[in-house]
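Visitor: Hi! I have just opened this one and would like a friendly tour. Can we go through it together?

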Amino acid sequence: MTRVTAFLSRLTRKKPIELLARDMSGAEDAEHQHLKRGITPFQLTMFGVGSTIGTGIFFVLSETVPTAGPAVIVSFLIAGLVAGLTALCYAEMASMIPVSGSSYSYAYATLGEGVAFFVACCLILEYGISAAAVAVGWSGYLNKVFEIVFGAGLPASLLSAPLVADGYSLKPGGDGVINLPAVILVILCSLLLIRGATESAKANAIMVMVKLGILAMFVLIAVTGFSAENLKPFAPHGFAGVSAAAGTIFFTYVGLDAVSTAGEEVQNPKRNLPIAIIAALIIVTSLYVLVAVTALGVQPAAEFGGQEAGLATILQNLTGSDWPALVLAGGAVISVFSVTLVVLYGQTRILFAMSRDGLLPELFYRVNPHTLSPVACTVIVAIFVALIAAFVPDAVLWELTSMGTLVAFMVVSTGVIVLRHTRPDMPRGFRVPFYPVLPLLSIVSCLYLVANLNRATYELFAVWLVIGGIFYLAYSARHSRLEKKAS
Amino acid sequence: MKVLVGYSADSGGTEALALGLLLARAGGSSLVVCTIVPETWGHPSMARVDAEYARFLDQHAQKALEKARAQVGNRVPATYLCRAASAVREGLVEVAEQEQVDCITLGSARSATRGHIRAGSVSTGFLHTAPVPIALTPKGYEPDSVTRLCRITCAVSPAAESLQTARAAHKLCGRLKVPLRLMTFVVRDRQMYPTGAGYDAENLVANQWRAQATEGQGKIIAQLPPDPPATTGIADGKTWKAAFESVPWQSGEIVAVGSSNLGPLLRVFLGSNATKIIRHATIPCLILPRPEAD
């Protein structure tokens, strides 16, 4: 009995907010008592747009149009709505803590170690797996650039994964042997991270312009070949198809949490957080819908399936000339590169935070004295992500990312409701409007998208959680920094 | 401690000499003030224009050295040399070897911002080859007559080679009879925007680095002899400039940095972190050659 209660107390122990604040305090905080960086609402919107666009819109149509038909447009709207609801809930939780961390840190401080570890498992899917997925999509565009510039692309055996999704599991039988460009991208980004390269707010703004520019170019060119005939039948697989596609498409909205996580770093969070979330969401969703509508207007739904570097190929077929496709593919190569860098960075820093809390081995938080960055952690992440990108097909990765992100957000939305009851006194820089309707709606909508994901995704997710659970019991629970304090 | 001053008749020369004087006085040792002039063609030409040029160069050098003599006065024993060489660096290395000096001082490039160090063409070459420690001054370095060398701050990290650097600096402190301060830089300029891991994520890494640095300094101190005394400090800031400004610096203090272990043994070879320290320093910097391993 005592063992059970001891275990429960481990699962529910919370990281003191003072400790979290001390861990993440800046150089001048001691003197100035948290001198805020003061992110402006415009910058914050750019963060949201910058980290969201590039994670999926360039590749996702080839997977989802066969599922939903032209009604994929509705799927984009549904996924966007869910992303908005979850981002608002997340923003409330983030604003309860006076530092800006990941949902793992927030969960640890408010909901306890067990939930935090669970969220971290989901975040590894949101970051690690999505980095692999993005790298796979990138390799298609890189190959398109090669095809246009050199007249020939890489051999197919070096371009795609050897494994395919087969109902419940992965099995050999793919077209390729290894997805080499994806591996190279992951390695390149990791080397940059090891050297300490980062993207500044200014570089992000430039990237946003590049992405908006090439997508706007796509829309403007594609609209000239628009034919309403291509949109019929609008929903060949009915609403079931639309829902299934929405689950995968949610992947393209991963990154919107870059806004919510700013929490107290924003000037006047009460006003600016929702403004930035909604503004970023409107920009991203309208762009996605415009791209989807025009792409669907240009070619019949049947042609989307399996199309590599989809948007560039559409432009090529439409205009009969190479340069618009080259500009688009080149822009995609650059901007997806930056997204991969950002996502990999996020993954390494989340693992870093976990190991600092004692939930992962010390190796993950050692800072290398030459590069001044966590080299071992970055290398481990790079190997893990590169292997997945090399051998697992992208459709599986998108769904797994959606699964991890949706479940993490479900926990966060539930946490918002729980905390309103258990910690009503805690100051909140931002409170979700229409409480409790909005968080409930967020949970229900996440559940709805999760319900529409593949069985294979469920199985992989379950396996992953079991691995995580065993690791927690065998290592993390005993090595937690809170454990040492208690004893 | 014999100090070689790479002297020229401009502000850089004056700065280099001022630093040389500071070091020589601290060590109770002598100065070698050397000015390098271009080599002339060895063979007499028809109209003897080269001889005329050589005479001009010699006069110019003597005038420069005269100025140096006035600056030094009789505060330390000094020899004044003029050398002809095809490159300034080559000439100075030759003199350094002949005179068996312990250190070479050089001024900043003319293009440097006042108060900051920028290596000119001569120093840049030295920073990747010099056989003895190289000291660089910030632009406009002009300690007043009462200023004495009061401390050497050695930049260290928890990396293994830092112990060697600290030992070399400590030995130098012993000879110059000044205390040593070990300093590690924590610069928080690596936050990624945007990120889902939070906009304080990099502080977590920086704080861990700070903890490792403190631990590393403790280990180094434990392995240094007790005399001269050594203290520690952490320069912590959002940028290199802020980090530098976060700790007190005394006039009469110099910063010592070690060479990268990518370079050859017993040679100065500036690494990327040391380069950043020099770029942001507002006091003279001493770059130590890579020591032999234990």
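Visitor: What follows α1(B), and is its phi positive or negative?
Guide: α1(B) is followed by B:Gly28, whose phi is positive, near 60°. Helices here are DSSP runs of H or I with at least four residues, strands are E runs of at least two, and both are numbered from the N terminus.

Visitor: Before we go on, what am I looking at, and how is it numbered?
Guide: This is a predicted model, in which local features need pLDDT of at least 70 and side-chain atom pairs count only at pLDDT 80 or more, while totals for chains, interfaces and linings use all residues. Residues are numbered from 1 along each chain as its sequence is written, and chains are lettered from A and ligands numbered from 1 in the order in which they are written.

Visitor: Back to α1(B): how many of its residues are buried?
Guide: 15 of its 17 residues are buried, so α1(B) is largely enclosed by the rest of the structure. Buried means that 20 or more other C-beta atoms, placed from the backbone, lie within 10 Å of the residue's own; exposed means 12 or fewer, with partly exposed in between.

Visitor: And how far apart are the end C-alpha atoms of α1(B)?
Guide: They are 25 Å apart, which agrees with the 24 Å that the 17 residues (11-27) should span at 1.5 Å a residue. The expected span is 1.5 Å times one less than the number of residues.

Visitor: Which domains does chain B have?
Guide: The domain assignment gives domain 1 (3-136) and domain 2 (151-287); such bounds come from an automatic or database assignment. Taken over C-alpha atoms, the centres of these two domains of chain B are 29 Å apart.

Visitor: How many residues does each domain of chain B put into their contact?
Guide: Domain 1 gives 17 residues and domain 2 gives 18, where contact means C-beta atoms, placed from the backbone, within 7 Å. On the domain 1 side, α1(B) gives the most, with 4 residues. That side divides into 12 nonpolar, 5 polar and no charged residues. Here Ala, Val, Leu, Ile, Met, Phe, Trp, Tyr, Cys and Pro count as nonpolar, Asp, Glu, Lys and Arg as charged, and the others, Gly among them, as polar.

Visitor: New topic: what is the order of the strands in the sheet?
Guide: In chain B, 10 strands form an open sheet with mixed pairing, in the order β3-β2-β1-β4-β5-β10-β9-β6-β7-β8. Two strands pair if DSSP finds at least two bridges between them. The edge strands are β3 (78-85) and β8 of chain B, each pairing on one side only.

Visitor: What about β2(B), is it mostly covered or open?
Guide: Mostly covered: 7 of the 8 residues of β2(B) are buried. β2(B) runs parallel to β1(B), with 5 bridges between them, and B:Val3 stands opposite B:Leu31. β2(B) also runs parallel to β3(B), joined by 8 bridges, with B:Cys34 opposite B:Leu81.

Visitor: Which strands does α8(B) lie across?
Guide: α8(B), residues 272-280, lies across β5, β6, β7, β9 and β10 of chain B, at about 160° to β9(B). Such angles run from 0 to 180 degrees between N-to-C directions, with axes fitted to C-alpha atoms, for helices over the stretch in contact.

Visitor: Last one: how many residues of each chain are in the contact between B and A?
Guide: Chain B gives 27 residues and chain A gives 40. On the chain B side, the largest share, 8 residues, comes from α6(B).

Note on methods:
Two residues are in contact if their C-beta atoms, placed from the backbone, lie within 7 Å.
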